[in-house]
Amino acid sequence: MTETDYTARDITVLEGLEPVRLRPGMYIGSTGLRGLHHLIYEVVDNSVDEALQDRNDRIEVTLHPDNSVTVQDWGSGIPVDVMKEQGLPALTVVLTKLHAGGKFGGDGYKVSGGLHGVGVSVVNALSERLVAEVRRDGKIHRQEFERGEPTGDMELVGEMAKGDPTGTTITFLPDSEVFEELDVEAATITQRLRETAFLTKGLYIKLVDERADGKTVEFHYENGIRDFVAHINEAKDPIHKRLVYFEGDTEQGAVEVAMQWNSSYQESVFTFANNINTVEGGAHLSGFRSALTRTLNAKAQELKLLKKDESLDGEDVREGLAAVVSVKLRNPQFEGQTKTKLGNPGIE
C-alpha cells in the first residue's frame with residue numbers, strides 16, 4: 001500500500017447543529033417540499049406529545065405571508081430552568097443540542113413521536129430565524145435564534161395574567177439557503193393535521209393560512225380513529241353499518257384498530273406509530289395483515305364456509321377494506337430519521 005496524506009488533521013468534528021446544516025437530508029429527508037413540510041410536522045409533533053400526556057388540548061398552526069410558520073400549543077411549556085450540566089436554560093438546550101429533550105428517559109413522556117434527534121433543534125438549525133416563547137409558572141420567557149445560534153440569552157418578557165393558559169409558541173422562517181422553495185402547500189399540511197386530530201381523541205387543531213386565498217380549517221374528533229375510518233369511507237359504499245373497533249395494551253404500549261369494508265376493490269389501510277404516519281408500513285402493518293387473514297380463515301373454517309383444504313389469501317381478505325392501525329409505543333424503533341417505517345419486532 002502506498003502512503004497517503006490522510007492523517008488525523010483531516011478528521012472533522014462537527015459541533016452543535018453543524019451536521020444538520022451540512023447534511024440536512026439526513027435529518028429531514030430532503031431539501032424540497034417534503035423536507036420543508038417536515039419542519040412543521042416536527043414542531044406539531046412536540047405539541048401532540050403534550051396532548052398524549054393529557055397536558056395539552058389545543059394546537060394552532062399559522063402560515064404567514066412571509067413564509068414563516070407559527071405553532072402554538074396550550075401544553076405545559078418547555079422548561080426554562082437552568083440545567084446544571086449544561087449551565088444553560090432547558091429551553092436553550094432543547095433548541096440548540098441534538099438528542100436533547102424529555103423523551104430519552106425519565107417520566108416526562110411515556111409515549112412520544114418527537115424523537116431520534118429530529119426535533120425542534122433541527123427545525124432551529126434549518127431556519128433563518130426562530131423565536132420561542134414559553135408560558136409557564138406564571139411567567140413568559142422568550143429567546144431568538146438565527147440559523148440555530150442564539151442571538152441573545154433567554155429573557156423574561158412578561159408575567160402571565162391569572163387564568164392565562166400555559167404553553168409554547170414557536171415561530172420559524174425556513175432558511176432559503178437550505179430549501180429549494182419556501183412556499184408551504186396548505187393542502188398537504190391540512191391532511192396531516194386532520195390525521196393528527198383523528199389519532200388524538202379530543203385534541204382541537206386549527207390551521208390558519210394568512211397567505212392570499214388562504215383558508216382557516218379546524219379539526220376535532222371525539223371518536224378518534226373510528227371517525228377516521230368513517231372519513232375514508234365517506235364517498236364509498238360500506239357493506240356493513242357498524243365499524244369494527246378494538247384496542248389492547250402490552251408492556252410495549254397500546255394498539256387501536258378501526259376498520260370497515262366497502263364495496264370497492266381497493267385496500268385503504270393507514271398505519272401510525274405514536275401519531276406519526278408510517279407510510280412505508282412496518283411491523284404493525286405486517287402484524288395486522290397476518291392476524292386479520294389468520295382470524296378470518298379460522299372463523300370461515302369454523303362456520304364451514306370453506307372446505308378443509310381451502311383458505312382465503314391476504315389480498316382477498318383486504319379487498320375493499322378501510323382500516324386505521326394506530327400503535328402508541330414507549331420505545332418506538334423507526335427505520336430512518338424521518339420515521340416512515342416502524343421497526344419494533346415485538347409489535348407483529
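1. How many residues lie between the strands in the hairpin that E12 and E13 form? In this predicted model, the hairpin of E12 and E13 has two residues between its strands. Seven bridges join E12 to E13, and the two strands run antiparallel; within this pairing, Phe246 has Val257 of E13 as its bridge partner.

2. The hairpin of E12 and E13 belongs to an open sheet of five strands, whose order is E12-E13-E16-E14-E15 and whose pairing is mixed. The edges of this sheet are formed by strand E12 (244–250) and strand E15 (276–277), each of which pairs on one side only. At the E15 edge, two bridges connect that strand to strand E14 (residues 268–273) in the antiparallel sense, and Ala273 has Ile276 of E15 as its bridge partner.

3. A helix also lies on this sheet: helix H7 (residues 225–232) lies across E12, strand E13 (253–261), E14 and strand E16 (321–329). When the direction of H7 is compared with that of E16, the angle comes to about 150°.

4. Helix H7 is also in contact with helix H6, and the axes of the two helices come within 7 Å and cross at roughly 135°. The angle is therefore one that makes H6 oblique to H7. On the H6 side the contact is made by Arg194, Glu195, Phe198 and Leu199, and on the H7 side by Ile225, Asp227, Phe228 and His231. Sorted by class, the residues of this contact of H6 with H7 are four nonpolar, one polar and three charged.

5. Phe198, one of the H6 residues in that contact, also takes part in an aromatic pair, and the count of such pairs comes to four. Phe198 and Tyr221 are stacked, with 3.9 Å from centre to centre and 20° between the planes. Because Phe198 lies in helix H6 whereas Tyr221 lies in the loop between E11 and H7, the pair ties together parts that are 23 residues apart in sequence.

6. Helix H6 (residues 186–199) packs with helix H3 (residues 33–52) as well, at an angle of about 20° and with the axes 11 Å apart. That angle makes H3 roughly parallel to H6, and the crossing of the two helices is right-handed. H3 contributes His37, Ile40, Tyr41, Val44, Asp45 and Val48 to the contact, while H6 contributes Thr188, Ile189, Arg192, Leu193 and Thr196. Taken by class, the residues in the contact of H3 with H6 are six nonpolar, three polar and two charged.

7. A further hairpin is built from strand E10 (residues 204–209) and strand E11 (residues 216–219), which run antiparallel and are joined by four bridges. Ile205 has Phe219 of E11 as its bridge partner. Six residues lie between the strands of this hairpin, and Asp213 takes a positive phi near 65°.

8. Another set of pairings involves strand E6 (residues 139–146), which is joined to strand E5 (residues 127–136) by seven bridges in the antiparallel sense. Here Ala132 has Gln143 of E6 as its bridge partner. The hairpin of E5 and E6 has two residues between its strands, and Asp137 takes a positive phi near 55°.

9. E6 also pairs with strand E8 (residues 155–159), again in the antiparallel sense and over four bridges, with Ile140 standing opposite Gly158 in E8. In addition, two bridges join E6 to strand E7 (residues 149–150), and these strands run antiparallel. In that pairing the bridge partner of Glu146 is Glu149 of E7; the hairpin of E6 and E7 has two residues between the strands, and Arg147 in its turn has a positive phi of about 50°.

Key
Residues numbered from 1 in each chain as written. Predicted model: local features only at pLDDT ≥ 70, side-chain atom pairs only at ≥ 80, totals over all residues. Heavy atoms only, no water. Axes fitted to C-alpha atoms, helices over the stretch in contact; angles between N-to-C directions. Parallel < 35°, antiparallel > 145°, perpendicular 65-115°, else oblique. Left-handed = near helix turned anticlockwise from the far one by under 90°. Contact = heavy atoms within 4.5 Å. Nonpolar A, V, L, I, M, F, W, Y, C, P; charged D, E, K, R; others polar. Pairing = 2+ DSSP bridges. Phe/Tyr/Trp six-rings, centres within 6.5 Å; stacked < 30°, edge-to-face > 60°.
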